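Welcome! Here is a short briefing to read alongside the structure, covering two pockets and one helix. Take a moment to look at the model before reading on.

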Amino acid sequence: MEIGMDEDGKLAPSTVGTAGSGAPDMDWALSRLEELVRLESPSSDRDASHAITENLAAGFEDLGGTVQRFAFEGGQHLVIDLPGEGEPLLLVGHSDTVWARGTIDGEVPWSNDGTVVRGPGAYDMKSGLVVMEAALRRVDPSRRRRVRVLITADEEIGSPDGSSVVRAAVEGVSGALGFEAPHPDGAFKIGRRGSTRVLLEVTGVAAHAALDPEAGVSAIEELIDQLHAVTDRVRQVSASGTEVLLNIGTISGGTQANVVPDRAQALLGLRFLDGSSESEVLGYIDSLTPVRPRAGVTATRLSMRPAWAADEGDRALLQEIATTASGLGIACAARPAAGAGDLNLIGALGVPSLDGFGPVGGGAHAVDEHLEVASMAERIRLVTAIVGAPSA
């Protein structure tokens, strides 16, 4: 059967059958994946970002897409609109990786043994981008739902520039599918912890530590007290029933053992399950005041992905996907994820969302990064059925 749409442009579950059940062209998909992996694209590498995004843009233009480019200092984001029926469904991915250029010729070479594919960024998340494109290539354009594709270029560093593009791209969409990897067992991700990075900077007054110590104000001692205060507040909030994770990732400050330090800083990583605990802890950090006279304290949010707690809209979208998957004989389960991504912001804005449409694999950000070919084929079949009916 074909995928049908209701009058609001949403999937009509009663018409879901075996659309997209035929085997996808995995020779094309794996060749395309190798092409993208060899276009190494570390975050903040402007030239590398432009190279891969122009390659991606050309592929979606071949499918009839209208491409908008959003250039910034570190690269280029893409938003592509493909015509079809109903309100657009947003497909979300990112083009940047954690790997430096040259990695593919060193510790993480490309390999494909027919069952498992390895390579820098292959799993996180260039295979997800290929799932998008491969599925759209299989669909008959005359029977396709309207689709918008969003590809950010700074997701791996918290989307400091891409967040504004994400907010603009969600306007008018009926839902959003994220093409990050699923849980290790293939389950989708419905809800994600919020993730915020905060730079805590403290100023003091420099002085000779032996000759005139009272003239100084130790920025390091002030920072230690501030970190104790933040840690205590996080423990209090967690004890109330909503776990908050705090990692003090780096600490620096001072110059010499005989100088009272006038500068110190710490980088904090915070994770939240819901907006309430997120607001309480971040509000507390924003309001920090010095313990010592003449000291100063400044908290700067370097990046923030709000907590995405699944709601009824997310669960309704999951049910639509589950119905489609059932018609293809594909298992469909979902649960929250600890990691954060661009779907955090989309889900937190109230847009029905579901993440994890990339293939099963493992080793994200590690030298054993890999994905399973069979899972990639299954994901292509499912996304084909979600966005329309396959070409004859």
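How much space lies in the largest pocket? In this predicted model, the largest pocket holds about 660 Å³ of space. A handy idea to keep in mind is that rolling a probe the size of a water molecule over the atoms shows where empty space is left.

**The largest pocket**

- The lining of the largest pocket is made up of 31 residues, and Arg271, Arg305, Gly339, Ala340 and His365 are the closest to its centre.
- Six elements each give two or more residues to this lining: helix H3 (122-138) and the strands E10 (188-192), E11 (194-203), E13 (244-253), E15 (263-272) and E16 (296-305).
- The biggest share comes from E15, which gives five residues.
- Sorted by class, the lining has eleven nonpolar, eleven polar and nine charged residues.

**The second largest pocket**

- The second largest pocket has a volume of about 160 Å³.
- It is lined by 14 residues, of which Ser159, Ser163, Arg167, Met304 and Arg305 are the closest to its centre.
- You may recognise Arg305, which is also among the residues closest to the centre of the largest pocket.
- Helix H4 (162-169), strand E16 and helix H8 (342-348) each supply at least two lining residues, and E16 gives the most, with four.
- By class, this lining has six nonpolar, five polar and three charged residues.

**Helix H7**

- Does the length of H7 agree or disagree with what its residue count predicts? H7 has 16 residues (312-327), which at 1.5 Å a residue should span 22 Å, and its end C-alpha atoms are 23 Å apart, so the two agree.
- Which residues of H7 are buried? They are Asp314, Leu317, Leu318, Ile321, Thr324 and Ala325.
- Looking down the axis of H7, you would find these buried residues within an arc of 120°, so they line one face of the helix.
- The spacing is worth remembering: an α-helix has 3.6 residues a turn, so residues three or four places apart point the same way.
- Glu312, Gln319 and Ser326 are exposed, and they sit on the face of H7 turned away from its buried side.

**The two ends of H7**

- At the N-terminal end, Asp311 acts as a cap for H7, with a side-chain oxygen 3.0 Å from the backbone nitrogen of Gly313.
- After H7 comes Gly329, which has a positive phi, near 75°.

Technical notes: Residues numbered from 1 in each chain as written. Predicted model: local features only at pLDDT ≥ 70, side-chain atom pairs only at ≥ 80, totals over all residues. Heavy atoms only, no water. 1 Å grid on protein atoms, 1.4 Å probe; cavity = no way out; pocket = protein on both sides within 12 Å on 5 of 7 lines; lining within 4 Å. Points joined across faces, edges and corners; volume = space filled by probe spheres on them. Nonpolar A, V, L, I, M, F, W, Y, C, P; charged D, E, K, R; others polar. Expected span 1.5 Å × (residues − 1). Buried < 20%, exposed > 50% of the residue type's maximum accessible area, 1.4 Å probe, protein only. Arc of directions from axis to C-beta. Polar contact = N/O pair within 3.5 Å; in protein donor to acceptor, adjacent residues only side chain to side chain.
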